[in-house]
Amino acid sequence: WNTLTSLPLRAFAFGSDERFYLAEGGQGRILVFDTTNGARLQSLAFGGQLRDPRDMAFGPDGLLYVADGTRVVRFDPNLPGQPEILVPPARGGLMSARALDFGPAGDLYVVDRARGGVVRFDAATGAYLGDAVAPGSLEAGEAIAIAPKLRAVRPGHSGHWFDPDRSGEGWLVEVLPDGRAAVLWFTYPADGESDEQLWLTGAGTIDDDAIVIPDLLRARGGRFGPGFDPDDIELSSWGPLTLRFDDCRSGRAEWSGPGDYGTGARAMQRLAGIEGLPCERVPRPAAADRPGLSGQWYDPAQDGQGWLLQEVRPGELFLAWFTYDRDGTPAWIVGSGRLDDRIATFDELLITRGTRFGDDFDSADVDLLPWGDANWTFETCTTSTIVWTTGDPAFSSGQLQPDRLTRLESIDCALETPD
């Protein structure tokens, strides 16, 4: 494009006008070329209008911004030879502008090589907005790139989350259509309460990198077995919960509960995801060994208790049953099972005992006790039958007809309708 290969070429940028802009330091110019044929066009800056160009980029406003020595200048591509000094020397302490980029809010970020920091300016006015990276933090900074913020909450965040230091409790997360989400928290009562287990449930919304549940509900009073009556269930407000995600693998849970539960926060990590819903890749269509059964299920005749299923691996399901014992005490039962065609077999369901909520929790005190087994047959994508046996005297063997209550975002059911 230019036969003078000895020119000190410093930076380049592509415009939306099929033009290529090239900063040249020897004569302080911005050379312009036609990207369709390489033809040289009228220069945008010339006659030493630039002092020491080091980087340039087009802003959201369509203007070309140049890191030029001790300052930042900008050009309207339609007005050659008319630079505007946006950030004069020394504004915000700027001493050596070496690189620049625009943040998601449109602010201008400039690498100050001499001071070893990054300075933030208002891209419209040039006003100093503060130091994005404190002076002295960088050594010989020459470049900058601002990646768009990962929208942390996505369909692939559905799954099982826990604190590795607190194995035995956790959060089951469902990312639902239309910006909604649901969370089931299986844990233990506060110290001084007589119950052995506690489960909390709530629905809320997705707010950028967080799932916000305005009010978790605590349930008790239902009697396990054929005498279950939804009218016996007592629902009480427990308090808000926010799950804030750093990325696809880690985050933080923040809550404000009543009385001895108090306000707290805890780090969390992903324990298991949903097969076919990778967080960092495009969701995959449902298949025979993961037909899209993940979600909440309940029997309408026994509204107030139910199951959450998660397809964690091909042909493998995780089950959590949120229910009550014969005395109306909250209970949760968990287990892993195999899926063969339309029948899921859970050979070992477990119930826990032994510890308390919050700072009184100790993983070493958690007892995993055998509860029973179950076979779950899915007639369709929305109807099913579960049959279970248990030897726990606080419960009884039986069967129910669960219907699907929730469906995860980006997961369709591929279970074929039987002939």
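## A salt-bridge network

Glu193, Asp195, Arg218 and Arg220 are joined in a network of salt bridges. The model is predicted, and every value here is computed from it. One contact in the network pairs aspartate 195 with arginine 220, whose side chains meet at 2.6 Å, N to O. Aspartate 195 sits in the loop between strand E15 (180-187) and strand E16 (198-207), and arginine 220 in strand E17 (residues 210-220), so the salt bridge ties together parts 25 residues apart in sequence.

The two partners differ in cover. Aspartate 195 has 6% relative accessibility, so it counts as buried. Arginine 220 has a relative accessible area of 30%, so it is partly exposed.

## Other salt bridges

Side chains of opposite charge can pair when their charged atoms come close. A search of the whole structure turns up 18 salt bridges. One of them joins arginine 244 and aspartate 209, at 3.5 Å from N to O. Here arginine 244 lies in strand E18 (residues 234-245) and aspartate 209 in the loop between E16 and E17, so the link spans 35 residues of sequence.

Are the two ends of this bridge buried or partly exposed? Arginine 244 is partly exposed, because its relative accessible area is 34%. Aspartate 209 is buried, because its relative accessibility is 16%, and the cut-off for buried is under 20%.

A further salt bridge runs between arginine 313 and glutamate 316. Their closest N and O atoms are 3.0 Å apart. Arginine 313 counts as partly exposed, at 45% relative accessibility. Glutamate 316 also counts as partly exposed, at 22%.

## The aromatic cluster

The whole structure holds 34 aromatic pairs. In one of them, the rings of tryptophan 297 and tryptophan 376 have centres 6.0 Å apart and planes at 75°, so this pair is edge-to-face. The pair bridges distant parts of the chain: tryptophan 297 belongs to strand E21 (residues 295-298) and tryptophan 376 to strand E26, 79 residues apart.

Tryptophan 297 also pairs with phenylalanine 378. This pair is edge-to-face too, with 5.4 Å centre to centre and 65° between the planes. Since tryptophan 297 is in strand E21 and phenylalanine 378 in strand E26, the pair ties together parts 81 residues apart in sequence.

How much of these side chains is covered? Tryptophan 297 counts as buried at 1% relative accessibility. Tryptophan 376 is buried at 0%. Phenylalanine 378 is buried, also at 0%.

Which residues make up the aromatic cluster? Its members are Phe224, Trp297, Trp307, Trp321, Trp371, Trp376, Phe378, Trp388 and Phe395. The two pairs described above therefore fall inside one cluster, with tryptophan 297 paired to tryptophan 376 and to phenylalanine 378.

## A negative surface patch

Asp191, Asp260, Asp359 and Asp360 form a negative patch on the surface. One of its members, aspartate 360, is placed in the loop between strand E25 (343-353) and strand E26 (367-378). Aspartate 360 has 44% relative accessibility, so it counts as partly exposed.

Another patch member, aspartate 191, has its C-alpha atom 8.9 Å from that of tyrosine 261. The two residues are 70 residues apart along the chain. Tyrosine 261 is found in the loop between strand E19 (250-256) and strand E20 (263-273). Tyrosine 261 is buried, because its relative accessible area is 7%.

## A buried aspartate

Where is aspartate 112? Aspartate 112 lies in strand E10 (residues 108-112). Its relative accessible area is 1%, so aspartate 112 is buried. The C-alpha atoms of aspartate 112 and alanine 67 are separated by 9.7 Å, and the two residues are 45 residues apart along the chain.

Conventions
Residues numbered from 1 in each chain as written. Predicted model: local features only at pLDDT ≥ 70, side-chain atom pairs only at ≥ 80, totals over all residues. Heavy atoms only, no water. Patch = residues over 30% accessible without salt bridge, like charges linked within 9 Å, V, L, I, M, F, W, Y side chains within 5 Å. Areas by Shrake-Rupley, 256 points an atom, 1.4 Å probe, with all protein chains shown as cover. Salt bridge = Lys/Arg side-chain N within 4 Å of Asp/Glu carboxyl O. Lys, Arg positive; Asp, Glu negative; His and termini not counted. Charge placed at Lys NZ, Arg CZ, Asp CG, Glu CD. Helix = DSSP H or I, 4+ residues; strand = E, 2+ residues; numbered from the N terminus. Buried < 20%, exposed > 50% of the residue type's maximum accessible area, 1.4 Å probe, protein only. Phe/Tyr/Trp six-rings, centres within 6.5 Å; stacked < 30°, edge-to-face > 60°.
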